[in-house]
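Trainee: Could you walk me through this structure and the labels people put on it?
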Amino acid sequence: MPLKLEIGDKITTKKPHPCGSHNFIIMRVGMDFVIKCEKCEKEIWIPRVKIEKRIKEIYRNGEKLPKA
């Protein structure tokens, strides 16, 4: 069952971006996701399967959501 992710959600990943940040904003959802690094603002295209494995925490409107 896919995670309920929406545009604008902030996520924390297990692996850091090369700039050192673990925090990203979701810019596009679907089979492929576009996430934007909060530190360097680089946009990354990543398949849904990979992003769901790498997510550690999800925040929506400042509240932490369960990953389940």
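Here is a short chat about how those labels are earned.

Mentor: Before we start, this is a predicted model, where local features need pLDDT of at least 70, side-chain atom pairs count only at pLDDT 80 or more, and totals for chains, interfaces and linings use all residues. Residues are numbered from 1 along each chain as its sequence is written, and side-chain values use heavy atoms, with hydrogens and water left out.

Trainee: Why is Gly 8 called partly exposed?

Mentor: Buried means under 20% relative accessible area and exposed means over 50%, with partly exposed in between (1.4 Å probe, protein chains only). Gly 8 has 44% relative accessibility, so it counts as partly exposed.

Trainee: What does Gly 8 touch, not counting residues up to four places away in sequence?

Mentor: Ile 25 and Ile 26. Contact here means heavy atoms within 4.5 Å.

Trainee: What makes a nonpolar core, and which residues are in the largest one?

Mentor: The recipe is buried Ala, Val, Leu, Ile, Met, Phe, Trp, Tyr and Cys residues joined through side-chain atoms within 4.5 Å. The largest core here has twelve residues, including Phe 24, Ile 26, Ile 35 and Cys 37. Its largest share, three residues, comes from β3; strands are DSSP runs (E, at least two residues), numbered from the N terminus.

Trainee: How do you know that β2 and β3 pair?

Mentor: Two strands pair if DSSP finds at least two bridges between them. Four bridges join antiparallel β2 and β3, so they qualify. In one of them, Ile 26 partners Ile 35 of β3.

Trainee: Why are β4 and β6 at the edges?

Mentor: In the open six-stranded sheet, the order is β4-β3-β2-β1-β5-β6. Each of β4 and β6 has a single partner strand, so one side is left without a neighbour in the sheet.
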